[in-house]
Amino acid sequence: MSRGSPVKSYDYLLKFLLVGDSDVGKGEILATLSEDGEGEPPGFCSGVGVTCKTTTILLDGRRIKLQLWDTSGQGRFCTIFRSYSRGAQGIVLVYDITSRWSFDGIERWIKEIDEHAPGVPRILVGNRLHLAFKRQVSTEQAQAYAERHSMTYFEVSPLCNFNITESLTQLSRIALMRHGMERLWRPNRVLSLQDLCCRSIVSCTPVHLIDKLPLPVTVKSHLKSFSMANGMNAFTMHGHSYFPHTSNAGKRSSLKKSPSIKVTRPVLSPPESCTRNSCKIS
């Protein structure tokens with residue numbers, strides 16, 4: 001009896017690299033994520049400057065399996081980064097918010113990425129937010145640096161499990177959109193119960209009011225992602241839905257009122273039989 005092809009437990013497989021100087025907490029970020037339990041990938045060797053962990057996240061109803069490769073920040077392992085950067089779909093640049101030296105080292109890693117992995121989506125992550133009282137790099141400075149290099153910026157805390165999954169979800173969305181996979185997010189099939197629930201909630205709730213719903217944070221995050229992916233990011237006003245952006249760039253927003261039509265009334269002229277002399281004041 002021939003064996004059939006195994007059913008995949010995921011929809012997409014992405015390879016991400018975690019880069020940064022040593023002792024910035026890349027291993028702490030990996031330890032926070034849940035393990036898939038499928039074991040180490042073929043050819044994996046620990047203790048030679050690289051560590052791998054697999055985890056699965058949910059993005060707009062799709063299961064995304066992530067292979068997260070932690071490359072050592074030591075200079076003698078730069079050749080390992082150059083080898084593992086081939087075929088990577090995303091890069092996470094990590095620094096420690098309590099170490100100014102690790103933040104300054106991000107510039108060196110960006111030069112390595114531009115040389116060996118140009119065009120690969122990347123995000124900037126400030127680690128150890130729970131040690132904010134020892135902060136040496138301000139949020140504004142890191143945000144401005146990320147915008148200058150066209151990156152999204154996150155501050156995470158492995159101790160509190162804060163913003164780690166959200167940062168990887170955002171990088172996964174950017175990577176899939178870069179490869180044109182967003183057209184596969186809307187298959188022509190019968191909607192699942194989860195999609196129907198999300199659609200019913202998003203259709204009657206503006207995006208900016210989803211945070212006020214009495215729901216868990218993960219559910220509200222999924223509702224926002226579902227709204228943006230399905231083009232339902234409209235907000236309501238006076239019982240009608242309006243979209244803040246139109247398809248044509250030259251047209252203005254649909255919130256602009258239509259010009260009022262000026263109605264001209266005919267001027268009533270006095271009857272011919274009436275003369276001014278016949279009007280007497282009693």
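Guide: Welcome! Two strands count as paired here if DSSP finds at least two bridges between them. Please keep in mind that the model is predicted.

Visitor: Thanks! Which residue is the bridge partner of Val50 in β3?
Guide: Let's start with the strands themselves: β2 and β3 (residues 62-71) pair in the antiparallel sense, over 10 bridges. One residue of β3 bridges to Val50, and that partner is Thr71.

Visitor: In the hairpin of β2 and β3, which residue takes a positive phi?
Guide: The hairpin leaves two residues between its strands. The phi in question is near 55°, and the residue that takes it is Asp60.

Visitor: How many of the 10 residues of β2 are buried?
Guide: A residue is called buried when its relative accessible area is under 20%. By that cut-off β2 is largely enclosed by the rest of the structure, because its buried residues number seven.

Visitor: Which strands are the edge strands of the open sheet?
Guide: The sheet has six strands with mixed pairing, in the order β2-β3-β1-β4-β5-β6. An edge strand here pairs on one side only, and that description fits β2 and β6 (152-155).

Visitor: And how large is the average twist from one strand to the next?
Guide: We stay with the open sheet of six strands, whose pairing is mixed. From each strand to the next, its twist averages 25°.

Visitor: Further into the sheet, which residue of β4 is the bridge partner of Leu18?
Guide: β1 and β4 run parallel and are joined by four bridges. Across this pairing, Leu18 has as its partner in β4 the residue Val92.

Visitor: What angle does the direction of α5 make with that of β6?
Guide: α5 packs on the sheet, where the helix touches β4, β5 (122-127) and β6. Taking the direction of α5 against that of β6, the angle is about 150°.

Visitor: Which element supplies the largest share of the largest nonpolar core?
Guide: This core has 25 residues, and Val19, Leu93, Tyr95 and Leu124 have the most contacts inside it. Several elements supply at least two residues each, including β1 (12-19), β4 (90-96) and α5 (139-148). The largest share is four residues, and it comes from α4.

Visitor: Within what arc do the buried residues of α4 fall?
Guide: The buried residues of α4 are Ile106, Trp109, Ile110, Glu112 and Ile113. On the other side of the helix, Lys111 and Glu115 are exposed. Seen down the axis, the buried residues line one face of α4, because they fall within an arc of 160°.

Visitor: Which residues of α4 are in contact with Leu93?
Guide: Leaving aside neighbours within four places in sequence, the contacts of Leu93 include Val19, Arg122, Leu124 and Met151. Comparing the contacts of Leu93 with the buried residues of α4, we find in both lists Ile106, Trp109, Ile110 and Ile113.

Visitor: How many disulfides does a search of the whole structure find?
Guide: Consider two of the cysteines: Cys52 is buried, with a relative accessible area of 12%, whereas Cys204 is exposed, at 58%. A disulfide would need a pair of cysteine sulfur atoms within 2.5 Å. Searching the whole structure for such pairs, the number found is zero.

Visitor: Finally, what percentage of the residues in the protein chain is buried?
Guide: The chain's secondary structure comes to eight helices and eight strands. Out of 282 residues, the buried ones make up 39%.

Definitions and conventions: Residues numbered from 1 in each chain as written. Predicted model: local features only at pLDDT ≥ 70, side-chain atom pairs only at ≥ 80, totals over all residues. Heavy atoms only, no water. Core = buried A, V, L, I, M, F, W, Y, C linked by side-chain atoms within 4.5 Å. Buried < 20%, exposed > 50% of the residue type's maximum accessible area, 1.4 Å probe, protein only. Contact = heavy atoms within 4.5 Å. Axes fitted to C-alpha atoms, helices over the stretch in contact; angles between N-to-C directions. Arc of directions from axis to C-beta.
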